[in-house]
Amino acid sequence: RGVRLDPLAPWSKVGLKIYESTVPIGATPEYLAGHYMLQSAASMCPVMALGPQPGDRVLDMSAAPGGKTSYIAQLMRNKGVIIANDL
C-alpha cells in the first residue's frame, strides 16, 4: 500500500514506526475493520510496565481514548477483568 515502516524498538514485539505513507493510515480498509490501531509509543510503556496476565483484574483510571485498555486486553488474551474509566 505504499507504507514505509519499521519495528518500533527492540523492547516492543507489536509496535511499528511509520515513516511515510501514500495513503491515509487512519482510513485504510484494514484500519476501518479494526486490524490495527494508531497510538504513540509512550502509551505502550505503562502497559508493558504493568505486565498484565490472563485472569488479572486491572483498573485503568486514564482509559480514553482506549489504546492502553485495548493493549491490556490483548496481553490478557481477553481473559480477566478490566475496569476502564476516565475523568
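So, how many Å apart are the mean positions of the positive and negative charges of this chain? Keep that one in your head for a second. What you see here is a predicted model. And the answer is 7 Å, with 8 positive charges and 6 negative ones going into those means.

Okay, the fold. We've got three helices and four strands. Walk along the sequence and the order is β-β-α-α-β-α-β. As for overall dimensions, the C-alpha atoms sit in a box of roughly 40 × 25 × 25 Å, taken along the principal axes.

On to the contacts. Take the pairs of residues at least 6 apart in sequence: 36% of those contacts link residues at least 24 apart.

Now, surface and inside. The chain has 87 residues, and 23% of them are buried. About 6200 Å² is exposed, and 58% of that comes from carbon and sulfur atoms.

So which residues make up the largest nonpolar core? There are eight: L8, A9, M44, V47, V58, Y71, I72 and M76. Two elements give two or more residues to this core, namely α2, which runs 41–50, and α3, which runs 67–75.

Let me zoom in on one of these core members, I72. If you skip anything up to four places away in sequence, I72 touches V47, P52, V58, D60 and I82. Among those partners, V47 and V58 belong to the core as well. I72 also touches D60, so to speak a charged neighbour on the list.

That's the tour, happy to take questions.

Key:
Residues are numbered from 1 along each chain as its sequence is written. This is a predicted model: local features need pLDDT of at least 70, side-chain atom pairs count only at pLDDT 80 or more; totals for chains, interfaces and linings use all residues. Side-chain values use heavy atoms; hydrogens and water are left out. Buried means under 20% relative accessible area, exposed over 50%, partly exposed in between (1.4 Å probe, protein chains only). Contact means heavy atoms within 4.5 Å. Accessible areas come from the Shrake-Rupley method with a 1.4 Å probe; for residues, only the protein chains shown count as cover. The place of a charge is taken as NZ of Lys, CZ of Arg, CG of Asp or CD of Glu. A nonpolar core is a set of buried Ala, Val, Leu, Ile, Met, Phe, Trp, Tyr and Cys residues joined through side-chain atoms within 4.5 Å.
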